[in-house]
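Grab your viewer and work through these exercises one at a time. Each comes with a solution you can check against the atoms.

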Amino acid sequence: MTRALRKAHRGAVLTFVLAGLMCGTFTVRLPALAERLRLPESSVGLTLLSWGIGALLTMQLMRVVLARIGSRGVLRAAAPLCAASLVLVAFAPSFPVLAVSAALFGMAFGAVDVGMNAQGSAVERAHGRPIMSGLHAGWCVGAISAGLLGTGAIALGLSLTAHILVVALVSVPAALALSRLHLPDPAPETDETDEAGRASARARRRLPGVVYLLGAVTFAAFMVEGVVADWNGLYLIGTLHASEAVAALGYPVFEAGMLLARLAGDRLRGRYGARGLIMFSGAATALAFLVVIAAPVTVAAVAGLFFIGLSVATISPMALSLAGTATREPGPAIAQASTMGYAGLLLGPVVIGFLSAAASLRLAMGVAVVLGVVITVAARLLPASRAEIIPLPVRPAEEAARLRTAA
């Protein structure tokens with residue numbers, strides 16, 4: 001591995017950590033924002049919806065933007081903007097301003113999310129071996145760090161505004177420094193100045209069907225993650241009658257399982273292959289969720305959440321990684337799969353809410369079991385030719401020029 005490639009790998013990992021820190025800070029301090037502005041639960045829900053819609057809008061636009069300026073250009077602009085929009089959230093004086101600020105933060109974060117996954121795919125293909133699960137482990141580290149920093153800020157009596165401002169002020173120079181480590185995206189294969197080149201470019205922008213299949217896998221995996229994130233506490237308290245303190249352990253236990261699985265995910269993929277590992281992970285997710293739903297006591301349910309984290313953690317990184325190999329330019333394909341994934345992240349909690357109102361929360365959580373089965377079936381349909389890393393088909397001189405540019 002060249003020095004430039006090592007730097008690019010390190011920069012990609014730290015970009016995931018930084019994104020997890022910024023997004024985690026928003027999530028951790030949202031209850032304090034709601035308390036400061038005296039917002040009802042419905043307004044908090046609308047704030048999260050504004051964030052999600054902003055992210056989805058930008059993600060869809062990234063198909064075009066990434067094809068023009070690449071992941072390095074996107075991250076160079078979007079990561080500092082993400083930190084700046086976090087400041088707007090901190091200073092929001094009213095609910096309407098908070099909703100708009102959350103939408104702007106979501107838009108910037110959506111660009112960062114797609115950009116960092118596209119950058120991760122470029123580095124992965126330059127490596128010629130799986131690294132995407134390890135990159136997503138960096139996200140878990142950032143999110144967990146955000147929770148610990150939030151707890152520390154509260155313990156030290158640091159105001160909400162001061163806490164978010166410190167995170168943002170640290171994030172801006174960190175984002176700018178990391179942008180110098182990112183690997184340039186692959187150059188287009190043909191000259192677009194003539195008619196044949198333009199026709200070839202249009203053909204490349206038409207994504208193959210496997211990208212949408214991988215998007216469906218990402219949708220289901222993100223939907224499972226959203227169900228756990230938003231409903232595990234209410235399930236433990238309302239259905240299993242756990243105390244609030246015990247219920248608060250549910251999500252950290254789930255995240256711990258996610259982190260462990262992602263740290264090992266690339267090695268497991270190298271041994272068993274992406275297709276087989278996604279099939280196994282989908283089935284294991286369905287089984288683990290059945291344990292949580294059937295658990296008669298809180299301890300068993302919390303243990304089940306850990307195993308759900310272990311099972312679902314590597315599915316979305318592998319799906320995004322495979323989407324990045326579906327075309328020469330990974331950005332547009334990853335943008336499409338990411339957009340479908342975040343749609344699941346937003347839709348999952350809503351579906352559970354409607355079903356729990358119509359029947360019961362225990363029955364509604366069964367949706368996640370179905371999603372695990374869907375992931376297994378969809379993975380079975382993946383073409384074997386798209387099941388592993390496809391190194392970039394570039395000439396040695398071209399690859400050397402790219403790496404020198406990254407150095």
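**Exercise 1. Find what lines the largest cavity, then size it up.**

Step 1: The lining residues are Thr15, Leu18, Leu75, Arg76, Ala79, Ala175, Leu178, Ser179 and His182. Here a cavity is a set of points on a 1 Å grid over the protein atoms alone where a 1.4 Å probe fits but cannot get out, and a lining residue has an atom within 4 Å of a point.

Step 2: Helix 1 (3-37), helix 2 and helix 5 (160-179) are the elements that each give two or more residues to that lining. Helices are DSSP runs of H or I with at least four residues, strands are E runs of at least two, and both are numbered from the N terminus.

Step 3: The volume of the largest cavity is about 40 Å³, where volume is the space filled by probe spheres set on the points, with grid points joined across faces, edges and corners. The count of cavities of 30 Å³ or more comes to 1.

A word on the ground rules: this is a predicted model, so local features need pLDDT of at least 70 and side-chain atom pairs count only at pLDDT 80 or more, while totals for chains, interfaces and linings use all residues. Residues are numbered from 1 along each chain as its sequence is written, and side-chain values use heavy atoms, with hydrogens and water left out.

**Exercise 2. Take stock of the whole chain: how many helices and strands are there?**

Step 1: The chain has 16 helices and 0 strands.

Step 2: Of its 407 residues, 54% are buried. Buried means under 20% relative accessible area, exposed means over 50%, and partly exposed is in between (1.4 Å probe, protein chains only).

Step 3: Look at contacts, meaning heavy atoms within 4.5 Å. Among those with a separation of 6 or more, 85% join residues 24 or more positions apart.

**Exercise 3. Classify the ring pairs made by tyrosine 342 with tryptophan 51 and phenylalanine 222.**

Step 1: A search of the whole structure turns up 9 aromatic pairs. Rings of Phe, Tyr and Trp (its six-membered ring) pair if their centres lie within 6.5 Å; planes under 30 degrees apart are stacked, over 60 edge-to-face, and the rest tilted.

Step 2: Tryptophan 51 and tyrosine 342 have ring centres 6.5 Å apart and planes at 55°, so this pair is tilted. Tryptophan 51 sits in helix 2 (residues 41-90) and tyrosine 342 in helix 13 (residues 330-358), 291 residues apart. Both tryptophan 51 and tyrosine 342 are buried.

Step 3: For phenylalanine 222 and tyrosine 342, the centres are 5.3 Å apart and the planes at 75°, so call it edge-to-face. Phenylalanine 222 belongs to helix 7 (residues 209-238) and tyrosine 342 to helix 13, so the pair ties together parts 120 residues apart in sequence. Phenylalanine 222 is buried too, like tyrosine 342.

Step 4: Zoom out, and Phe26, Trp51, Phe105, Phe109, Trp139, Phe222 and Tyr342 form one aromatic cluster.

**Exercise 4. Check helix 10 against its expected span, then see what it packs on.**

Step 1: The expected span is 1.5 Å times one less than the number of residues. Helix 10 (residues 274-294) has 21 residues and should span 30 Å; its end C-alpha atoms are 30 Å apart, which agrees.

Step 2: Its buried residues, including Ile278, Ala288 and Phe289, pack against helix 7, helix 9 (250-272), helix 11 (298-312), helix 12 (315-324), helix 14 (361-364) and helix 15 (366-380).

Step 3: Pick out alanine 288, which is in helix 10 and is buried at 7% relative accessibility. Not counting residues up to four places away in sequence, alanine 288 touches Gly304, Phe307, Ile308 and Ser311. Its C-alpha is 9.5 Å from that of glycine 372, which is 84 residues away in sequence.

**Exercise 5. Which residues other than glycine have a positive phi in the loops after helix 1 and helix 7?**

Step 1: Start with the background: most residues other than glycine have a negative phi.

Step 2: Arginine 38 has a positive phi of about 55°. It lies in the loop between helix 1 and helix 2 and is exposed at 78% relative accessibility.

Step 3: Histidine 241 has a positive phi of about 60°. Its place is the loop between helix 7 and helix 8 (244-247), and at 65% relative accessibility it is exposed.

Note on methods:
On a 1 Å grid over the protein atoms alone, a cavity is a set of points where a 1.4 Å probe fits but cannot get out, and a pocket is an open set with protein on both sides within 12 Å along at least five of seven lines; lining residues have an atom within 4 Å of a point.
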